[in-house]
Amino acid sequence: MAPTSSTVATSPRHFIAIDIGGTKIASATVELGDSLPRVSNKSEVPTPAQAGSNAVVEAVLESVRRCLACENEAPAAIGIASAGVVNTTTGAIISATDLIKGWAGTPLAQLVENEFGLPVAALNDVHAHALGECTFGAGKGYESVLAVAVGTGIGGAIVTGGKLCMGAHFAAGHVGHVPHPLAAGFPCSCGACGHIESVASGTGQVDLYNARKSANEARAESGREITQRAQAGEALATQVLADSGAGLGDAIAGIANCVDPQVVVLSGSVTRSGKIWWSALKDAFRAGALPILKEIEILEGTLGSDAPILGATTWAASKLEGVENER
(Lines give C-alpha, C1' and ligand atoms only; values in the text may rest on other atoms or scores of the structure.)
Protein backbone atom coordinates (compact mmCIF):
# COMPACT_ATOMS: atom_id res chain seq x y z
CA MET A 1 0.00 0.00 0.00
CA ALA A 2 1.10 3.57 -0.62
CA PRO A 3 0.28 5.26 2.67
CA THR A 4 -0.72 8.90 2.55
CA SER A 5 1.19 11.34 4.70
CA SER A 6 -1.45 10.85 7.38
CA THR A 7 -0.76 7.11 7.65
CA VAL A 8 3.01 7.18 8.08
CA ALA A 9 4.73 7.60 11.43
CA THR A 10 3.02 10.00 13.85
CA SER A 11 6.10 10.31 16.06
CA PRO A 12 9.60 10.82 14.65
CA ARG A 13 11.25 7.62 13.44
CA HIS A 14 14.52 7.24 11.60
CA PHE A 15 15.04 5.10 8.52
CA ILE A 16 17.90 4.41 6.17
CA ALA A 17 16.96 4.59 2.50
CA ILE A 18 18.96 3.27 -0.45
CA ASP A 19 18.31 3.92 -4.16
CA ILE A 20 20.08 1.48 -6.49
CA GLY A 21 20.35 2.50 -10.13
CA GLY A 22 22.44 1.29 -13.01
CA THR A 23 24.97 4.10 -12.63
CA LYS A 24 24.80 5.17 -8.98
CA ILE A 25 23.73 4.08 -5.51
CA ALA A 26 22.27 6.90 -3.42
CA SER A 27 21.75 6.69 0.33
CA ALA A 28 20.30 8.87 3.05
CA THR A 29 18.81 8.84 6.50
CA VAL A 30 15.19 9.95 6.70
CA GLU A 31 13.13 11.08 9.67
CA LEU A 32 9.38 10.57 9.41
CA GLY A 33 7.00 12.34 11.74
CA ASP A 34 3.92 14.55 11.68
CA SER A 35 5.56 17.15 9.43
CA LEU A 36 7.42 16.78 6.16
CA PRO A 37 10.19 14.17 6.23
CA ARG A 38 13.74 15.29 6.91
CA VAL A 39 16.40 13.85 4.60
CA SER A 40 20.02 14.01 5.75
CA ASN A 41 23.41 12.36 5.32
CA LYS A 42 22.88 12.03 1.58
CA SER A 43 25.66 10.46 -0.45
CA GLU A 44 26.22 8.70 -3.76
CA VAL A 45 28.68 6.11 -5.03
CA PRO A 46 29.04 4.62 -8.52
CA THR A 47 27.21 1.35 -9.05
CA PRO A 48 29.75 -1.40 -9.85
CA ALA A 49 27.19 -2.74 -12.32
CA GLN A 50 29.49 -4.75 -14.53
CA ALA A 51 31.36 -6.22 -11.56
CA GLY A 52 28.27 -8.28 -10.79
CA SER A 53 25.60 -8.60 -8.14
CA ASN A 54 27.96 -9.44 -5.27
CA ALA A 55 29.89 -6.21 -5.83
CA VAL A 56 26.67 -4.21 -5.99
CA VAL A 57 25.36 -5.76 -2.77
CA GLU A 58 28.65 -4.96 -1.03
CA ALA A 59 28.37 -1.34 -2.22
CA VAL A 60 24.85 -1.24 -0.78
CA LEU A 61 26.08 -2.62 2.56
CA GLU A 62 28.83 -0.03 2.68
CA SER A 63 26.27 2.72 1.97
CA VAL A 64 24.19 1.49 4.90
CA ARG A 65 27.27 1.46 7.13
CA ARG A 66 28.02 5.09 6.27
CA CYS A 67 24.48 6.07 7.23
CA LEU A 68 24.63 4.09 10.47
CA ALA A 69 27.88 5.83 11.40
CA CYS A 70 26.02 9.17 11.27
CA GLU A 71 23.17 8.01 13.52
CA ASN A 72 22.97 8.11 17.32
CA GLU A 73 20.20 5.54 17.41
CA ALA A 74 19.30 2.43 15.45
CA PRO A 75 16.93 3.09 12.54
CA ALA A 76 13.46 1.56 12.58
CA ALA A 77 14.09 -0.13 9.23
CA ILE A 78 15.94 0.04 5.93
CA GLY A 79 14.06 0.85 2.73
CA ILE A 80 15.57 -0.02 -0.65
CA ALA A 81 14.53 1.17 -4.10
CA SER A 82 16.17 -0.93 -6.79
CA ALA A 83 16.40 -1.30 -10.52
CA GLY A 84 14.73 -4.48 -11.76
CA VAL A 85 11.48 -6.23 -10.98
CA VAL A 86 11.32 -6.69 -7.20
CA ASN A 87 9.22 -9.22 -5.35
CA THR A 88 8.01 -6.88 -2.63
CA THR A 89 7.05 -9.80 -0.38
CA THR A 90 10.56 -11.25 -0.23
CA GLY A 91 12.61 -8.27 -1.37
CA ALA A 92 14.34 -10.36 -4.06
CA ILE A 93 15.17 -9.23 -7.60
CA ILE A 94 13.13 -11.57 -9.79
CA SER A 95 13.88 -10.06 -13.20
CA ALA A 96 16.36 -7.50 -14.53
CA THR A 97 18.13 -6.37 -17.67
CA ASP A 98 21.89 -6.66 -18.10
CA LEU A 99 22.33 -3.10 -16.86
CA ILE A 100 23.51 -4.69 -13.59
CA LYS A 101 25.30 -7.94 -14.36
CA GLY A 102 23.68 -10.96 -12.69
CA TRP A 103 21.16 -8.83 -10.78
CA ALA A 104 18.18 -11.14 -11.40
CA GLY A 105 17.86 -13.69 -8.61
CA THR A 106 19.62 -11.57 -5.98
CA PRO A 107 17.91 -11.97 -2.55
CA LEU A 108 18.58 -8.29 -1.87
CA ALA A 109 16.49 -7.60 1.23
CA GLN A 110 17.52 -10.84 2.91
CA LEU A 111 21.23 -10.15 2.38
CA VAL A 112 20.94 -6.67 3.90
CA GLU A 113 18.79 -7.93 6.76
CA ASN A 114 21.30 -10.70 7.52
CA GLU A 115 24.11 -8.16 7.70
CA PHE A 116 22.48 -5.63 10.00
CA GLY A 117 19.68 -7.45 11.83
CA LEU A 118 17.18 -4.72 10.93
CA PRO A 119 13.87 -4.98 9.07
CA VAL A 120 14.40 -4.41 5.34
CA ALA A 121 11.79 -3.65 2.68
CA ALA A 122 12.59 -3.40 -1.04
CA LEU A 123 10.66 -2.33 -4.12
CA ASN A 124 11.33 -1.26 -7.70
CA ASP A 125 13.00 2.13 -8.03
CA VAL A 126 10.30 3.69 -10.23
CA HIS A 127 7.59 2.32 -7.93
CA ALA A 128 9.49 4.00 -5.10
CA HIS A 129 9.78 7.22 -7.09
CA ALA A 130 6.02 7.24 -7.63
CA LEU A 131 5.33 6.45 -3.99
CA GLY A 132 7.50 9.38 -2.93
CA GLU A 133 5.72 11.79 -5.28
CA CYS A 134 2.27 10.50 -4.28
CA THR A 135 2.97 10.72 -0.57
CA PHE A 136 4.96 13.95 -0.36
CA GLY A 137 5.22 15.52 -3.82
CA ALA A 138 3.18 16.45 -6.90
CA GLY A 139 0.77 13.52 -6.49
CA LYS A 140 -0.06 14.20 -2.85
CA GLY A 141 -3.78 14.52 -2.20
CA TYR A 142 -4.93 12.68 -5.33
CA GLU A 143 -6.87 9.44 -5.04
CA SER A 144 -5.32 7.87 -8.13
CA VAL A 145 -2.10 8.69 -9.97
CA LEU A 146 -0.37 7.45 -13.09
CA ALA A 147 3.31 8.21 -12.49
CA VAL A 148 5.81 8.13 -15.35
CA ALA A 149 9.58 8.50 -14.98
CA VAL A 150 11.34 9.47 -18.22
CA GLY A 151 15.12 9.33 -18.08
CA THR A 152 17.65 6.92 -19.54
CA GLY A 153 14.69 4.54 -19.78
CA ILE A 154 10.98 4.94 -19.08
CA GLY A 155 9.27 3.46 -16.03
CA GLY A 156 5.99 4.02 -14.32
CA ALA A 157 3.62 3.12 -11.54
CA ILE A 158 -0.09 3.17 -10.82
CA VAL A 159 -1.42 4.35 -7.48
CA THR A 160 -5.15 3.88 -7.04
CA GLY A 161 -7.32 3.90 -3.96
CA GLY A 162 -4.23 4.92 -2.01
CA LYS A 163 -2.42 1.72 -3.00
CA LEU A 164 0.65 1.09 -5.12
CA CYS A 165 -0.40 -1.53 -7.66
CA MET A 166 2.25 -4.21 -8.22
CA GLY A 167 0.46 -6.59 -10.57
CA ALA A 168 0.48 -10.39 -10.58
CA HIS A 169 4.22 -10.48 -11.36
CA PHE A 170 5.28 -7.29 -9.50
CA ALA A 171 5.74 -5.62 -12.92
CA ALA A 172 2.80 -3.19 -13.14
CA GLY A 173 3.59 0.24 -14.54
CA HIS A 174 6.06 -0.59 -17.32
CA VAL A 175 4.95 2.42 -19.34
CA GLY A 176 8.07 2.35 -21.49
CA HIS A 177 7.25 -1.10 -22.81
CA VAL A 178 4.02 -0.17 -24.54
CA PRO A 179 4.35 -0.86 -28.29
CA HIS A 180 4.14 2.24 -30.49
CA PRO A 181 4.39 2.81 -34.28
CA LEU A 182 7.09 5.46 -33.86
CA ALA A 183 9.36 2.80 -32.39
CA ALA A 184 8.92 0.26 -35.21
CA GLY A 185 12.29 -1.36 -35.91
CA PHE A 186 14.00 0.08 -32.80
CA PRO A 187 15.30 -2.49 -30.28
CA CYS A 188 14.24 -2.02 -26.67
CA SER A 189 16.29 -2.56 -23.51
CA CYS A 190 13.97 -5.44 -22.56
CA GLY A 191 14.97 -7.42 -25.65
CA ALA A 192 11.78 -6.77 -27.61
CA CYS A 193 11.37 -4.33 -30.47
CA GLY A 194 9.08 -1.37 -31.05
CA HIS A 195 8.44 -0.22 -27.46
CA ILE A 196 8.00 3.51 -26.85
CA GLU A 197 11.05 3.62 -24.53
CA SER A 198 13.31 2.93 -27.50
CA VAL A 199 12.48 6.34 -29.06
CA ALA A 200 11.07 8.48 -26.23
CA SER A 201 13.51 7.98 -23.35
CA GLY A 202 16.67 10.07 -23.22
CA THR A 203 18.59 7.24 -24.88
CA GLY A 204 15.70 6.72 -27.28
CA GLN A 205 15.74 10.36 -28.39
CA VAL A 206 19.41 9.94 -29.28
CA ASP A 207 18.72 6.75 -31.24
CA LEU A 208 15.81 8.37 -33.09
CA TYR A 209 17.91 11.43 -33.95
CA ASN A 210 20.88 9.42 -35.20
CA ALA A 211 18.64 7.14 -37.26
CA ARG A 212 17.17 10.17 -39.04
CA LYS A 213 20.23 12.35 -39.52
CA SER A 214 21.93 12.65 -42.90
CA ALA A 215 25.45 11.42 -43.49
CA ASN A 216 26.91 14.92 -43.22
CA GLU A 217 25.15 15.81 -39.95
CA ALA A 218 26.88 15.32 -36.60
CA ARG A 219 25.66 12.52 -34.36
CA ALA A 220 23.88 13.39 -31.13
CA GLU A 221 25.37 11.95 -27.95
CA SER A 222 22.71 12.88 -25.38
CA GLY A 223 19.14 14.02 -25.00
CA ARG A 224 20.40 17.27 -23.51
CA GLU A 225 22.39 17.91 -26.67
CA ILE A 226 19.27 17.38 -28.79
CA THR A 227 17.37 19.88 -26.63
CA GLN A 228 20.19 22.40 -27.04
CA ARG A 229 20.20 21.94 -30.81
CA ALA A 230 16.43 22.41 -30.92
CA GLN A 231 16.71 25.58 -28.85
CA ALA A 232 19.30 26.80 -31.37
CA GLY A 233 16.77 26.28 -34.15
CA GLU A 234 17.93 23.00 -35.70
CA ALA A 235 15.01 21.46 -37.60
CA LEU A 236 15.90 17.80 -37.06
CA ALA A 237 16.36 18.20 -33.30
CA THR A 238 13.08 20.11 -33.09
CA GLN A 239 11.25 17.36 -34.95
CA VAL A 240 12.78 14.59 -32.81
CA LEU A 241 11.68 16.34 -29.60
CA ALA A 242 8.21 16.85 -31.00
CA ASP A 243 7.87 13.27 -32.24
CA SER A 244 9.27 11.64 -29.11
CA GLY A 245 7.07 13.80 -26.90
CA ALA A 246 4.00 13.08 -28.99
CA GLY A 247 4.72 9.35 -29.01
CA LEU A 248 5.00 9.26 -25.24
CA GLY A 249 1.88 11.39 -24.82
CA ASP A 250 0.00 8.98 -27.07
CA ALA A 251 1.21 5.99 -25.05
CA ILE A 252 0.29 7.65 -21.74
CA ALA A 253 -3.19 8.41 -23.10
CA GLY A 254 -3.68 4.74 -23.91
CA ILE A 255 -2.71 3.72 -20.39
CA ALA A 256 -4.88 6.46 -18.88
CA ASN A 257 -7.82 5.15 -20.91
CA CYS A 258 -7.34 1.80 -19.15
CA VAL A 259 -6.69 2.92 -15.55
CA ASP A 260 -8.56 6.28 -15.39
CA PRO A 261 -6.18 8.19 -13.07
CA GLN A 262 -7.09 11.44 -11.41
CA VAL A 263 -3.76 12.95 -12.44
CA VAL A 264 -0.56 12.07 -14.33
CA VAL A 265 2.81 12.91 -12.76
CA LEU A 266 5.90 13.03 -14.99
CA SER A 267 9.43 13.00 -13.58
CA GLY A 268 12.96 12.43 -14.83
CA SER A 269 15.63 14.18 -16.88
CA VAL A 270 13.68 14.14 -20.14
CA THR A 271 10.99 16.36 -18.61
CA ARG A 272 13.60 19.11 -18.97
CA SER A 273 13.44 18.82 -22.77
CA GLY A 274 11.61 22.14 -23.04
CA LYS A 275 8.41 23.62 -24.38
CA ILE A 276 8.46 21.76 -27.71
CA TRP A 277 8.48 18.39 -25.96
CA TRP A 278 5.89 19.31 -23.35
CA SER A 279 3.50 20.82 -25.88
CA ALA A 280 3.74 17.80 -28.18
CA LEU A 281 3.20 15.41 -25.27
CA LYS A 282 0.14 17.21 -23.92
CA ASP A 283 -1.41 17.67 -27.37
CA ALA A 284 -0.96 13.96 -28.15
CA PHE A 285 -2.38 13.00 -24.78
CA ARG A 286 -5.51 15.04 -25.36
CA ALA A 287 -5.86 13.65 -28.88
CA GLY A 288 -5.64 10.04 -27.67
CA ALA A 289 -7.51 10.23 -24.36
CA LEU A 290 -11.18 9.41 -24.03
CA PRO A 291 -13.38 12.54 -24.05
CA ILE A 292 -14.00 12.37 -20.31
CA LEU A 293 -10.24 12.06 -19.64
CA LYS A 294 -8.88 14.78 -21.92
CA GLU A 295 -8.66 17.35 -19.13
CA ILE A 296 -6.65 15.16 -16.76
CA GLU A 297 -3.80 17.29 -15.42
CA ILE A 298 -0.26 16.32 -16.37
CA LEU A 299 2.02 17.55 -13.60
CA GLU A 300 5.79 17.64 -13.27
CA GLY A 301 7.25 15.88 -10.25
CA THR A 302 8.57 18.12 -7.48
CA LEU A 303 10.91 15.90 -5.43
CA GLY A 304 13.72 15.18 -7.90
CA SER A 305 16.26 12.65 -6.62
CA ASP A 306 14.61 12.60 -3.19
CA ALA A 307 11.51 10.88 -4.62
CA PRO A 308 12.83 7.28 -4.59
CA ILE A 309 14.54 7.85 -1.23
CA LEU A 310 11.26 9.02 0.31
CA GLY A 311 9.32 6.28 -1.47
CA ALA A 312 11.63 3.58 -0.14
CA THR A 313 11.26 5.04 3.36
CA THR A 314 7.48 5.15 3.08
CA TRP A 315 7.47 1.56 1.86
CA ALA A 316 9.58 0.43 4.81
CA ALA A 317 7.28 2.29 7.21
CA SER A 318 4.21 0.63 5.69
CA LYS A 319 5.81 -2.80 6.05
CA LEU A 320 6.47 -2.14 9.73
CA GLU A 321 2.80 -1.31 10.12
CA GLY A 322 1.79 -4.54 8.41
CA VAL A 323 0.15 -2.85 5.45
CA GLU A 324 0.02 -4.91 2.26
CA ASN A 325 0.39 -3.60 -1.26
CA GLU A 326 -2.23 -4.00 -3.98
CA ARG A 327 -1.71 -7.07 -6.20
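Right after helix α6 comes Gly233, with a positive phi near 100 degrees. Helix α6 itself covers residues 223–231, and its buried residues pack against α5 (202–212), α7 and α8 (275–288). Keep in mind that this is a predicted model; its mean pLDDT is 92, and 94% of the residues reach 70 or more. The weak spot is residues 1–11, where the pLDDT is below 50.

**Around helix α6**
- Which residues of α6 are buried? They are Gly223, Glu225, Ile226, Thr227, Arg229 and Ala230.
- One of the helices they pack against, α7, turns up again below, on a sheet.

**The sheet with β1 to β4 and β7**
- Five strands make up an open sheet with mixed pairing, and they line up as β3-β2-β1-β4-β7.
- At the edges you'll find β3 and β7 (120–124), each pairing on one side only.
- On average, neighbouring strands here are turned by 15 degrees against each other, ignoring direction.
- β1 (residues 13–20) and β2 (residues 24–32) run antiparallel and share eight bridges. To see one pair, look at Ile20, whose bridge partner in β2 is Ile25.
- Helix α1 packs on this sheet and touches β1, β2, β3 and β4 (77–82), with its direction at about 35 degrees to that of β2.
- Helix α2 packs on the sheet too, touching β1, β4 and β7; its direction makes about 150 degrees with that of β4.

**How α1 and α2 meet**
- α1 (residues 53–69) and α2 (residues 108–116) pack at an angle of about 45 degrees, and their axes are 11 Å apart. That angle makes α1 oblique to α2.
- The crossing of α1 past α2 is right-handed.
- On the α1 side, the residues in contact are Val57, Val60, Leu61, Val64, Arg65 and Leu68. They meet Leu108, Leu111, Val112, Glu115 and Phe116 of α2.

**The sheet with β8 to β12**
- Another open sheet of five strands runs β10-β9-β8-β11-β12, again with mixed pairing.
- Why is one side of β10 (163–165) and of β12 (297–300) left without a neighbour in the sheet? Both stand at the edges with a single partner strand each, so there is no neighbour on the other side.
- Neighbouring strands of this sheet are turned by 25 degrees against each other on average, direction ignored.
- β8 (residues 144–150) and β11 (residues 263–267) run parallel, joined by five bridges. Ala149 stands opposite Ser267 in β11.
- Helix α3 (residues 125–136) packs on this sheet, where it touches β8, β9 (154–160), β10 and β11. The direction of α3 makes about 50 degrees with that of β9.
- Helix α7 (residues 235–259) also packs here, touching β8, β9 and β11, and its direction makes about 155 degrees with that of β8.

**Two residues with a positive phi**
- Most residues other than glycine have a negative phi, so a couple of spots are worth a look.
- Asn41 sits in strand β3 (residues 38–46) and has a phi near 55 degrees. Its relative accessibility is 33%, so Asn41 counts as partly exposed.
- Phe170 lies in the loop between β10 and α4 (197–200), with a positive phi of about 65 degrees. Is Phe170 buried or exposed? Phe170 is buried, at a relative accessible area of 9%.

**Where to be careful**
- Despite the pLDDT below 50, residues 1–11 have 35 contacts in the model beyond near neighbours in sequence.

Key
Residues numbered from 1 in each chain as written. Predicted model: local features only at pLDDT ≥ 70, side-chain atom pairs only at ≥ 80, totals over all residues. Heavy atoms only, no water. Pairing = 2+ DSSP bridges. Helix = DSSP H or I, 4+ residues; strand = E, 2+ residues; numbered from the N terminus. Axes fitted to C-alpha atoms, helices over the stretch in contact; angles between N-to-C directions. Contact = heavy atoms within 4.5 Å. Buried < 20%, exposed > 50% of the residue type's maximum accessible area, 1.4 Å probe, protein only. pLDDT = per-residue confidence, 0-100. Parallel < 35°, antiparallel > 145°, perpendicular 65-115°, else oblique. Left-handed = near helix turned anticlockwise from the far one by under 90°.
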